[in-house]
Amino acid sequence: MDSVSCIFCKIVKKEIPAKVVFEDDEFIAFNDVKPVSPVHVLVIPKKHHNNLLEIESTEALGKLMKKVQQVAKELNLNDGFRTIINTGDNGGQTVHHLHVHVLGGRFHKWPPG
Ligand code: AMP
C-alpha cells in the first residue's frame, strides 16, 4: 500500500470526509465509520506507515501511545477503554495505515469475541 492510494492518507489530506475528534501537526483521530462501541475512534499518525511492523522510530511509537492517552482523556473515557492495533492478515488489518482503535462507552469482555 502506498500513501497515494491509502484511504487514511486521504482523510489526512481532507480529500475524503471524516468526523475528526482531534488533530495536531502529527496525528489525527476520527470516528470509525463502522463503530463497534459507543465510542470508536481511530488514532493515526499523519505520516504513512503500513502497520506496526513498519514504524521504526521509538520516539514516533511513544508519541502515538501518548496521543492515544490524550485522546482517551479528552473523550472522558475515565471508566476505561480498549485499545487495539490490528497488524497484517492474521491480525485482521483491513486498512494498511497504522492506526490504534480506541473503544469505549461499554464493557469490553476478554478475550474478545
Ligand atoms: P483494521 O481492521 O484494524 O484495519 O480497521 C480499519 C477500520 O477502519 C475499520 O474499523 C473500518 O470500519 C474503518 N474505516 C474504513 N474506512 C473508513 C473511513 N473512510 N472512515 C472511518 N473509518 C474507516
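**The ligand and its surroundings**

Author: In this predicted model, a polar backbone atom of Val 95 is 2.9 Å from an oxygen atom of the ligand.

Reader: What makes this pair with Val 95 a polar contact?

Author: A polar contact is a pair of N or O atoms within 3.5 Å, so the 2.9 Å pair at Val 95 counts as one. An oxygen atom of the ligand is also 2.8 Å from an N or O atom in the side chain of Asn 86, and a nitrogen atom of the ligand is 3.1 Å from a polar backbone atom of Val 33. The protein covers 83% of the 500 Å² of accessible area that the ligand has on its own (Shrake-Rupley method, 1.4 Å probe).

Reader: Which residues surround the ligand most closely?

Author: The closest are Asp 32, Asn 86, Thr 94, His 99 and His 101, out of 16 residues around the ligand (near means a heavy atom within 4 Å). Helix 1 (7-12) gives the largest share of this shell, 3 residues.

Reader: Why is Gly 104 called buried or exposed?

Author: Gly 104 has 0% relative accessibility, and buried means under 20% (exposed is over 50%, partly exposed in between; 1.4 Å probe, protein chains only), so Gly 104 is buried. Gly 104 lies in strand 5, residues 100-104. Its C-alpha is 9.4 Å from that of Val 36, with the two positions 68 residues apart in sequence numbering.

Reader: What do the numbers rest on?

Author: Residues are numbered from 1 along each chain as its sequence is written, and side-chain values use heavy atoms, leaving out hydrogens and water. Local features need pLDDT of at least 70 and side-chain atom pairs 80 or more, while totals for chains, interfaces and linings use all residues.

Technical notes: Polar contact = N/O pair within 3.5 Å; in protein donor to acceptor, adjacent residues only side chain to side chain. Helix = DSSP H or I, 4+ residues; strand = E, 2+ residues; numbered from the N terminus.
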